Amino acid sequence: MPRKKPRKVKVVYRPLGKEQAWGQAWPTLSTPLIEIDPRLSPRRELEVLCHEALHVALPHLTDHPPKSKDYRKGEAEIDRIGKVVSRVLWSQNFRRVSQGKHTTPVRISR
């Protein structure tokens, strides 16, 4: 059986003050969307990105009415896993690299 090509996830950075959130995920769109507040510290940004990526990867965990017990349980599980993954990545020195406006990224050949 042919394997499905994984859907590409679009990540957008925009202030989420009105939504009172650090991040949001829209996993059901044809191109899943993750929104992250750019004002976060680098470590919090990594944690929120992991959390929202888990919403895209495991949408069934929070596929319940928002105030229900099952939704809260799924959200707690995603929060726990996201924190573990972000802690491991951070401890292995994974960081965002800021590049200048006119620099070309380093090309890694195989």
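In this predicted model, helix α1 is the element that gives the most to the lining of the second largest pocket, with 4 residues. The elements that supply two or more residues to this lining are α1 and α2. The space in the second largest pocket comes to about 170 Å³. Its lining is formed by Tyr13, Pro42, Glu45, Leu46, Leu49, Leu89, Trp90, Phe94, Arg95 and Arg96. Sorted by class, these residues are 7 nonpolar and 3 charged, with no polar residue.

The largest pocket holds about 420 Å³ of space. A total of 17 residues line the largest pocket, and Glu52, His55, Thr62, Tyr71 and Glu75 are those that lie nearest its centre. Two or more residues of this lining come from each of β2, α1 and α2 (69-91). Here too, α1 gives the most, with 5 residues. The lining of the largest pocket consists of 7 nonpolar, 5 polar and 5 charged residues.

The table sets out the two pockets.

| Pocket | Volume | Lining by class | Residues from α1 |
|---|---|---|---|
| Largest | about 420 Å³ | 7 nonpolar, 5 polar, 5 charged | 5 residues |
| Second largest | about 170 Å³ | 7 nonpolar, no polar, 3 charged | 4 residues |

The report now turns to the sheet. Strands of a sheet pair through backbone hydrogen bonds, and the pairing may be parallel or antiparallel. In this model, 3 strands form an open sheet with mixed pairing, and their order is β1-β3-β2. The strands at the edges are β1 (10-13) and β2 (23-26), each of which pairs on one side only. From one strand to the next, the twist averages 15°.

Which sense of pairing joins β1 and β3? These two strands, β3 being residues 33-36, pair in the parallel sense, over 4 bridges. Within this part of the sheet, Val12 has Glu35 in β3 as its bridge partner.

Helix α1, which spans residues 42-57, packs on the sheet and touches β1, β2 and β3. The direction of α1 makes about 160° with that of β3. Helix α1 thus appears in each part of this report: α1 packs on the sheet, gives the most residues to the lining of the largest pocket, and gives the most to the lining of the second largest pocket.

Technical notes: Residues numbered from 1 in each chain as written. Predicted model: local features only at pLDDT ≥ 70, side-chain atom pairs only at ≥ 80, totals over all residues. Heavy atoms only, no water. Pairing = 2+ DSSP bridges. Axes fitted to C-alpha atoms, helices over the stretch in contact; angles between N-to-C directions. Contact = heavy atoms within 4.5 Å. 1 Å grid on protein atoms, 1.4 Å probe; cavity = no way out; pocket = protein on both sides within 12 Å on 5 of 7 lines; lining within 4 Å. Points joined across faces, edges and corners; volume = space filled by probe spheres on them. Nonpolar A, V, L, I, M, F, W, Y, C, P; charged D, E, K, R; others polar.
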